[in-house]
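Reader: I'd like to learn how to read packing and contacts in a model like this. Could you walk me through it?

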Amino acid sequence: MSDELFRMEGICKSFPGVKALDNVSFSVNKGEVHGLVGENGAGKSTLMKIMTGVYHADEGEIFIDGKPAKVESTKKAHELGISIIFQELNLCPHLTVADNVFIGRPRMSGPLINDRDMHAEAKKILDELGIDLNSHTMVRSLSVAQQQMVEIAKAISYDSRILVLDEPTATLTEKEISQLFDIIRTLQKKGVGMVYISHRMEELSQICERVSVLRDGQYIGTRTLKEITMNELVNMIVGRALENKFPKYTRRIGDVALEARNIRRRDKFNPSRYKVNVSSLYVRHGEILGVAGLVGAGRTEIMRCIFGADEAESIELYIDGKRVNIRSPGQAITNKVGYVTEDRKRDGLALRLDVLYNINMAHLRPLSKFGFLNDKAGADNAEDYRQKLRIKTPSLRQMTENLSGGNQQKVVLAKWLCNDVRVLIIDEPTRGIDVGAKFEVYELLNRLSDAGVAIIMISSELPEILGMSDRVTVIYEGMVNGELDAKKTTQEEILYLAAGYNLLEDKQALPRNAPAKGGVSV
Amino acid sequence: MSNLLTGNPLKFSNKGQAGAFSNLGVATKKAMLSGAALVLLYGSFAILNPLFLAPANQINLLQQIVTYSIIGYGLTFCLICGGTDLSAGASMALSGIMVVWMLQVGVPLWIAIIIAMCMGVLTGIFNGFTIEILGVVPFIATLGTQWVYRGVANVLIDGNPIYTRDIPSKAVQDQFYLLGGGRTSFWLPYSVIITAVYGVILAVLLSKTKVGRQIYACGSNLEAAKLSGINAVGTRMFAYCVSGFSAALCGILVSSRLSSAQPTAGQGYELEAIAAAVLGGVSNNGGEGSILNAMIGALIMGVLRNGLNLFRVNSFWQQAVTGLILVAACAAEARRHRRSA
């Protein structure tokens, strides 16, 4: 390890109730691109935030050029030459490229800004990196990929020697990615060490020498990519066997309850791509359809289109075989489709209002006469669901804010159940819920499916997908990249599909962002 | 010069800028658009009413524009950095009263003016404190502070107007009148010259200095600005101070021209100034705009007011029209914003 630039040793970090990182070590050499992989919540972001001074490690040491260093703030990180490029870009859209590169420390001559020097210097940096951009262009008129390049130029203008790229290709097209890789290679030649976080195996093998794996906050190992097969890598990422934490259940599956065809919606940030491009998706009565995929693959966006929360360019919906039009959440509710959102605190609950109000929120019409609410009926209805779902609350007048995560989730479920939904879309049903409450939510889902409700369950937790679903649909880049039988498949198979490989084509990479017409379905 | 005024930090090298228009800032494009609207409006009034082009009316027109322009400049700073200042009118009344009141008790002219200006900066600091330190949203904060300033103004002079004729020295009376009411030998009012010079100074400040660029950065993407080590609190405080200072300058000029000051002066001027600025192309969503935009906007508002007066349109209707223009300008802006988002 002669050229070691940066090393972290024995890093531990706890958040209240969670050990986010446990004795993690990680190093980057000069001119190296070091891949960092792991499932969602494995601790990659936390590690990078410690590296760039956003968080402080509870234990462990950081060495730069072999000498111990303290990174106590983002400013200090800048001074030490460490920069991070987040997935969410941090640029000022109304300013020019040069202004953004030198933001915070423009080139001055006396009290005035020297635009000429600043643009010349920006041009020099852009040229060195081989970035073909005019320094006078307003950042708002650039594509996401170009903006990312501005971010890189900005990092280089700080003389960064260590650059962290957090899923840089998540929203880029094939061509843009190869441009990015060219820039990364130029940086490599200049001796910049880079950490490359990505879920995409094919990219890792293209540009990384070594890859480190994190799982559940544990450091699993570092391997040279030439010496490891994709299979081994996926095994390292997934690790443990499926634990037995799901209620055993056999379901009675009926006819198709909801079918969606030809759902298309363009990417807000990159209108030349489809964010959602699904040719067909269906769920049957009494069935749980697991929807797997990487974060940002478009799972939530698909569901929002089906529920009418987002406008789709095209969509055909059939409920019980009949063509329906759903253009707004209101129409979805009329058609007995319910949607439990991923972030229940943001868009699932009125936190400052009581349990009673929240349960009845989407159910006001049946509870009222001539536009006036019948308080007695409302209280009865809420009490009914409190008992049915065993919501633990001191009273129906308790603010939902004060309930535990599991009980909040039950309130959201109650809200939809009293509408007598026939199709329930549920996004990350157990996020932020403790283990005991998880089991209860699972039981609840089972009871619902027993009553003939068709359930679409999005989840990033593979054990949950395997443990709860009957069928698994894997989404990749807004498309259905395969459907699996939950009883027969494995986490590895799902991960392969989620990363864009196709099982049937003998694990060969799919063409990225296949042409707009016709999604890939298996 | 035009570049300087547009405040767009771009400076074109002459070669290889064929598609330069696509590179132009939105604010510059909007300045062209509203500039064209101004010419159209001016032209049609000139054709429709021969009185419009009369020298006396033209001078009158320019003098009317002084208030919109100066308050508008200050508001442009606030709008670009993502805030707003509804207290500008009240702050203007307060400074106007301060200066006349001090002259009445015998404070020397220049010292009275400087103190009144400092008062304006102080209102800016107080606004900034309420917004940045106490964390009140700009709209509500300045809605509240305008009552503070107007209240203090009322207290100072017991709610009644005060007049410059009560200033003990006749010489000071005349000198003070020159500022807002005096004219050069070309009939050009001093106040118009002051407005123009002040505009150029602010344009340089906004487009050519570090703090100016930081104001754009804060309004464009606050998070990015902070992460880049910009002192966002200080930068935005500065913008509110510019607004307070401008309001004070305007207050002094107006009380000079009217030879009096009253606590109700400047009511609604802040809204007219916002309307003017947005009409001229300053974004009420922050991040874009320039002093040139504010100037053009003020000219449009001034020409419109003047023209409507010549056609004897009821002033209440003019008020309604101003309100409609403000809403329409903001709606157009919002529509554009939605589309680009």
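**Reading the packing**

Author: Let's start with a helix pair in this predicted model. Helix 5 of chain A and helix 6 of chain A are roughly parallel to each other, because their angle falls under 35 degrees.

Reader: What angle and axis distance go with helix 5 and helix 6 of chain A?

Author: In general, two packed helices are described by the angle between their axes and the distance between the axes. Here, helix 5 (residues 144-157) and helix 6 (residues 174-189) of chain A pack at about 10°, and their axes are 10 Å apart. Helix 5 of chain A brings Ala145(A), Gln148(A), Met149(A) and Ile152(A) to the contact, while helix 6 of chain A brings Glu176(A), Gln179(A), Leu180(A) and Ile183(A). By type, that's five nonpolar, two polar and one charged.

Reader: Now the domains: how is chain A divided?

Author: The domain assignment gives domain 1 (4-238), domain 2 (254-336 + 421-505 + 516-520) and domain 3 (346-420). The C-alpha centres of domains 2 and 3 of chain A sit 26 Å apart. Their contact takes 12 residues from domain 2 and 11 from domain 3. On the domain 2 side, helix 15 (residues 435-450) of chain A gives the largest share, four residues. That side divides into eight nonpolar, one polar and three charged residues.

Reader: And how many residues does each chain put into the contact between chains A and B?

Author: It's 23 from chain A and 23 from chain B. On the chain A side, the elements giving two or more residues are helix 2 (74-79), strand 8 (112-113) and helix 4 (115-128). That side splits into 11 nonpolar, eight polar and four charged residues.

Technical notes
Residues are numbered from 1 along each chain as its sequence is written. Chains are lettered from A and ligands numbered from 1 in the order in which they are written. This is a predicted model: local features need pLDDT of at least 70, side-chain atom pairs count only at pLDDT 80 or more; totals for chains, interfaces and linings use all residues. Domain bounds come from an automatic or database domain assignment. Two residues are in contact if their C-beta atoms, placed from the backbone, lie within 7 Å. Ala, Val, Leu, Ile, Met, Phe, Trp, Tyr, Cys and Pro count as nonpolar, Asp, Glu, Lys and Arg as charged, and the others, Gly among them, as polar. Axes are lines fitted to C-alpha atoms, for helices over the stretch in contact, and angles run from 0 to 180 degrees between N-to-C directions. Angles under 35 degrees count as roughly parallel, over 145 as roughly antiparallel, 65 to 115 as roughly perpendicular and the rest as oblique.
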